[in-house]
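Open the model in your viewer and keep the sequence panel beside it. The stops below say what to select next and what is there.

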Amino acid sequence: MSIRTPTPANRRAFLGQCLGGAVAGGLAGRIARGQGSGQVLPKHLTPETLRAVERGTDYLASTQADDGSWMIGGGQAYPVAMTGLAGTAFLAHGDSPTRGPYARNLQGAVEFLVRCSTPSGLLTGPSQDNGQPMHGHGFALMFLASVYGMITKESLRREVREAIRKAVILTARGQSIHGGWTYVPGTGDEGSVTVTQVQALRAAHNAGFLVPPAVIEEAGKYLEKCRTPEGGIAYSLGSGGGPRLPISAAAVATLYNSGQFDSPIATDCLKYVWDAFQATDAWNKGGGHTYYAHLYAAQAFYMAGDEYWDDYFPETRDHLMSLQADDGSWNGDGIGQVYGTSIAAIILQLPFKYLPVFQR
């Protein structure tokens, strides 16, 4: 039997009794207070949007395995990555491992990922996420660093602290001589894995862990080396060819995470991504990596300011709501429902600012 939260009706009743605490700020309470009032919810969010998110996070809760992982919807091949992403979606909902309707789900995800901490520091399972562990390592490290300050059980807190400490060291040591990372630590570099590592390190820094500044600086230089004449970012330093829109969107978010809001590369890359998004109203961006592209473009446009967010988010919100399945899930990029649902929930909840790594 999977870990399951209370039914929506019971959850709303429970939330109604907790008006003074953090749980009362949860999504169900926001829906109730948002009815008939345009001043409660952040701009562009509606009760209908929040009900869609609630259905999505309920889907994630209902599909979590007994061991705290997700083994479906992309988790068959990438259980560590999917657990990190699903856990992040619950944090974006405003929950913690001790409070909120998804507290038990968060607790399970934390415990699973702690068990995935290896002696080397790599966060991975027996299959090493289909032999490509660094994506999962990055998503898991970002999640654990984001949830670390919410853990109240001292024994688990110590385990998470040690897992994060070792994971940061593994990431630092796995950086290539050019400044990036690839699917297996220390074997090369490419843009998408580089992005996950920088965001994870930023989350660890936010949580008070020591992150060598030189590692972040070299990652920024790596993205600079991958810049194309169009202003975007190529797949990797040695790949050649033109810019990849999904990786370019991810690069903007990463550069902002590292504090480079006004750097020439961030400015040029944002313009390239923005122009590409403005060129078509279609949801499909970046070929077969549309959810991935929107995950990072949403962060980039949100951090870039209202001029971008006000234009981007309403249409994206409506597209996502139209794509939601009857069971509350989103099937993302052919990877699966856990992947797509986690990304959709993260995007739709960005304005609540529960995750420091995604804030302006």
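**Stop 1: Lysine 353**

Select lysine 353, which counts as partly exposed because its relative accessibility is 49%, between the 20% limit for buried and the 50% limit for exposed. The model you are looking at is predicted. Lysine 353 lies in the segment after H15. Its phi is near 60 degrees, a positive value in a residue other than glycine.

**Stop 2: Helix H15**

Now select residues 337-349, which form helix H15. This helix has 13 residues and reaches 18 Å from its first C-alpha to its last, close to the 18 Å expected at 1.5 Å a residue. Twelve of the 13 residues are buried, so H15 is largely enclosed by the rest of the structure. Among the buried residues are Val338, Tyr339, Ile343, Ile347 and Gln349. Keep Ile347 marked for the next stop, where it appears as a contact of histidine 294.

**Stop 3: Histidine 294**

Move to helix H13, residues 290-304, and pick out histidine 294. Is this residue buried or exposed? Histidine 294 has a relative accessible area of 3% and is therefore buried. Show what surrounds it: leaving aside neighbours within four places in sequence, histidine 294 is in contact with Phe277, Trp283, Lys285, Tyr312, Thr316 and Ile347. For one of these residues, tryptophan 283, turn on the backbone atoms: its backbone oxygen lies 3.1 Å from a polar atom of the histidine 294 side chain.

**Stop 4: The second largest pocket**

Select Phe277, Thr280, Lys285, Tyr312 and Glu315, the lining residues that lie nearest the centre of the second largest pocket. Phe277, Lys285 and Tyr312 were also among the contacts of histidine 294. The pocket holds about 170 Å³ of space and is lined by 15 residues. Which helices supply at least two lining residues each? They are helix H12 (264-278), H13 and helix H14 (306-323). H14 gives the largest share, five residues. By class, the lining has six nonpolar, five polar and four charged residues.

**Stop 5: The largest pocket**

Next select His135, Ser192, His289, Tyr292 and Ile335, which of the 22 lining residues lie nearest the centre of the largest pocket. Helix H4 (79-92), helix H7 (133-147) and helix H11 (245-257) are the elements that give two or more residues to this lining. The largest share, three residues, comes from H7. About 480 Å³ of space lies in the largest pocket. Colour its lining by class and you should find eleven nonpolar, seven polar and four charged residues.

**Stop 6: Helix H4 and glycine 94**

Stay with H4, one of the helices that line the largest pocket. H4 has 14 residues and reaches 20 Å from its first C-alpha to its last, close to the 20 Å expected at 1.5 Å a residue. How many of its residues are buried? The count is 14 of the 14, so H4 is largely enclosed by the rest of the structure. Just after H4, select glycine 94, which takes a positive phi of about 100 degrees.

**Stop 7: Glutamine 128**

Finish at helix H6, residues 128-131, where glutamine 128 has its place. Glutamine 128 has a positive phi of about 50 degrees although it is not a glycine. Its relative accessibility is 34%, so glutamine 128 counts as partly exposed.

Key
Residues numbered from 1 in each chain as written. Predicted model: local features only at pLDDT ≥ 70, side-chain atom pairs only at ≥ 80, totals over all residues. Heavy atoms only, no water. Helix = DSSP H or I, 4+ residues; strand = E, 2+ residues; numbered from the N terminus. Buried < 20%, exposed > 50% of the residue type's maximum accessible area, 1.4 Å probe, protein only. Polar contact = N/O pair within 3.5 Å; in protein donor to acceptor, adjacent residues only side chain to side chain. Contact = heavy atoms within 4.5 Å. 1 Å grid on protein atoms, 1.4 Å probe; cavity = no way out; pocket = protein on both sides within 12 Å on 5 of 7 lines; lining within 4 Å. Points joined across faces, edges and corners; volume = space filled by probe spheres on them. Nonpolar A, V, L, I, M, F, W, Y, C, P; charged D, E, K, R; others polar. Expected span 1.5 Å × (residues − 1).
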